[in-house]
Structure formats: C-alpha cells, structure tokens
Amino acid sequence: MTRDAVAADRRRWIALAIVMTASFMDLVDVTIVNIAVPSIQADTGASFSAVQWVTGGYALAFAIGLITGGRLGDIHGRKRLFLVGIGGFTLASALCGVASGAEMLVAMRVVQGATAALMVPQVLSIIHATFPAEERGKVFGMFGAVVGLGAVSGPMIGALLTEWDLFGLGWRPIFLINLPVGVAGLLLGRAFIAESKAERALKLDLVGVLLASAGLLMLIYPLTHGREAGWPLWGYLSMAGSLPVFALFVAYERVKTRRDGSPLVELSLFRVRSFAAGIGVQLTFGVVTGIFFLVWTLYMQLGLGWSPLKAGTTGIPFSLAVSTAAGLSVQKLVPRFGRKVLQAGAAVMAAGVLVYIAEAERYGTAIAPWQMALPLVIMGLGMGLIVAPITDAILAEVPREHAGSASGLINTVGQVGMALGLGLVSVAFFGAMPEAVAPAAAGEAFSAAFVHAMWWVVGVLAVVFLLMCALPRHRPAALAPESAEAVAQEQKKEQEQEQEQEQEPVLV
C-alpha cells in the first residue's frame, strides 16, 4: 500500500470515528433525558404532558425531518449537511441547557430534534459511500454496537451528571455536555470527512416533504397529546386522516419518479426484500424502545423513589449485555445462522421482559437493583442480537446513490416507532394509573402500571419476531460498486420505459 493509500485509509477510519461519535451523542441525548425527568419536573414545575414533550417533541421533530435530511445530503453533499446538523445540534443543546422554563426547554428540544434530523442520516450515508461492500458488514456491526451502547449508557451518564449537580446546575449539564463534543466533531469533521453526494443531479421534492411531514404529524401528535386533552374526537380523526395522506404521498412519489427521477423517497427500494422487511422490523422495534426506556425510568424514580444515580447504575448490566451480544452477533453468529440470530434476539428480549414482570409482581416496591439484574441481562443480550446486524441487513443491497434516501428511511421509521412508543406510554402506562393517587399508594400504583406497560412490550416484541420471518434467511451478498451501478441503470431503464408507454398514442 502506498503512502497516499495509507493516509486515505487512516482518514476514512478517523471519519468513521467522528460520525459514530455524533450518532452516539444523539442516542445518548434521547435516553439521558429520561433519567433526569424527575429533576426537570421538580425544577421547572413541568406537567406530565410537558415531560412527555421533552422526549416526544424531540422524537417528533426528528422523525419528520429525517427523510428530508437524508435527501438533502444526497443533493447538496453528505459532509456539508452533517456539519450543518452537528453545528445546529450543538447550539440547540446549549439553549436547552440554559432554558428558563418547561416551555423553552420543549421548544429547544424540538429544534434539537430538527437539527439532529440533518445530522444523523448522513452517518449511514457516509459509511455507505466511504467503505467498500466487503467491509460494510464489519463497519455496520461496529455501528450497531455503538447504537446499542448509546441507547443504554445515556441513563448512566445522565444519572452521574444529575447526581453530581455540577456548579449547582442540577439537570442542565446533561445538555451542556454536548458542547465540547459537538465543537470537536464540527472541527474534525471538516478536516477528515470526504464529501459525497448522489452521482446524478437530484432536486428536493418539496411537495413530497410537505405530504410526508403532514402525515407524520397527523399520526404522532394525537398520540403524544391525546391523554392530556382527554382523547378528543379530533385526535382519532387526525390519526385516521394520516392514512389517506400517506397514500397520496406514495401516489405522488410515483408521479415524481416518472417526471424527473427525483422523489423524496425511492419507492424502488421497497422492491428489495431485505430493505422492505428490515424497515418493518425497525419500526416495530422502535415502539419497544420508546415504551420501555421512559416507563422504566418513571417506575424506578417516581414509583420506587430511587435517586437518579441508583436508577442509572441499575442499568449497567443491561449496557454490558448489549455490548457483548452486539459484538458476537455480527462477527460470529450472523455469518453462520443468518436471520435466526435476530429472531433469537426478539425471543430472548421478550423472555427477559417476562422475568422482569414476574419479579416486579413478586417483590413489589421492595424490589432491589440486584434483583433486576437477571431480567436486564437477558433483555440486553436480546437487544444486542438485534441492533448490531439489523442496519447491515437493511442496507446490504441498496445502491450507493440512494444511500441518503435509504438511511433517512431507516432512521425515520425507527424514530417514528419510538415516537409511537412514547405516545403509547399514555395508554400502556399512564392509562393504567388511577386519576388521583395518594402519596402512600404511589409506589404500588406505579409498579402496577409498569407491569401493565411491560405486557405491551412483550406483545410488540412478538410482532417484531413475526416480521423477522420476512428477512432473508442469510445475509444478502453485499452489492459491489459495479453491481450498485447496474441496479441504478436498470431502475433508470424501467423509468424510461414507463415514460415511453405513457407517451404512446391510444388506439380506439
């Protein structure tokens, strides 16, 4: 290998570390808030609805913007959009950290979610464009491990920062910690990330953006706001109305594809079985994480009365199990057993939840952290078997020029699932709580609601298991660059044939 080749190779691995750190920062920022919810509530006087919006507002803005963010990266350059996103995310984090009240905090969390929607889709796109097909399995395995670690280490980091009460700032350092990380990512990203974009000129599909955003908003907003409003009729009408909006979106995207080949979403991606099936898994698994992590935090801190540090350290076995299983799944298990590894992950995670339910019912409010360790380890092992290989399974056959659109879709459906899960907390958890709870009975009420919500998690994991049956039995052979180009040329030929058929005169 020449000196220039060695330097280029070193630069791409540094670039990988930068984008993975940004992805880790985003994931931590979602879960780090959960552990600080009681502190935020006590300091700002926020209602339960406002607390849901601190997490749900971020997820909503993130979900709505992800597809657009991915496409903007394809059009204007993935490095450029990554830098814009990480810069905006860092600024929004600073404003969250100095928020004067619950209203400002919720508003800045929405801004934070919107800027993350510009940053996060570029992570997978940059990986997809930087590394050749034969290396992507290993790289996506590393990415999956980071995803799992980020999702479960947030509570621990949040607990430490909240417990330490740095400079008397209480919960605010959970946001301010993003400043040095974000600034470093911005500077290093400019130096080491290589620019990439779609090989052919694309245009932003503004009508598609409006239709997709409207459909997502109509679906997710009532779920998040419905309980506080008393489940009004307009909420049900809005959710039902989102279905024809999505149908109109799909119809328009087909027209847009035939017209200029620049749709917001490449519908041809859904012809790839691994992509279509993986998207379904990603959506439903997002619902699982959305319900579990918020309910788990509320149960430990508000129900059992534990400190943030005690609640955060309780999750350490979970974190270690996720990281261990994630490494094993990609390197050893998936190459040998294929989709059975992911199905085993869903089954193992469901078993862990069932053990958790049994222990919560047996010990009640007297349950101790060491008694939670066994179900958390089982759940962590199951989660690690899913989060590490799923990204590679979804993207393995995606043509390189559609990496941004595909990455945006992957992240979008995951976040839509999480937002749905956060919205369903109103039903699965708060719906099982009495309207008025005496302080002496709060522990028992929270424990009963926790058990009720965990049965929801088991049910959704059963759906995840069934959807995994549609995944290819073994990892699809990753497309080489020339294969990706061949697929793209075949899609272009199909579009030209459709246009010719439309232009043919109709004989009467």
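This note sets out points on confidence, cysteines and the largest pocket of the structure.

1. The model is predicted: local features need pLDDT of at least 70, side-chain atom pairs count only at pLDDT 80 or more, and totals for chains, interfaces and linings use all residues. Residues are numbered from 1 along each chain as its sequence is written, and side-chain values use heavy atoms, without hydrogens and water.

2. The protein has a mean pLDDT (the predictor's confidence in each residue, from 0 to 100) of 80, and 84% of its residues reach 70 or more. Among its elements, helix α13 (residues 340–363) has the highest mean, 94, and helix α17 (residues 481–503) the lowest, 47; helices are DSSP runs of H or I, at least four residues, numbered from the N terminus.

3. Over residues 504–508 the pLDDT stays under 50, and the model has zero contacts (heavy atoms within 4.5 Å) for them beyond four places in sequence. Where pLDDT is low, the predicted coordinates should not be read in detail.

4. The count of disulfides (pairs of cysteine sulfur atoms within 2.5 Å) is zero. Cys-96 counts as buried because its relative accessibility is 0%, whereas Cys-469, at 34%, counts as partly exposed. Buried means under 20% relative accessible area, exposed over 50%, and partly exposed in between (1.4 Å probe, protein chains only).

5. Helices α8 (206–229), α9 (233–260), α10 (273–303) and α15 (403–428) each supply at least two residues of the lining of the largest pocket. Of these contributions, α15 gives the most, with five residues.
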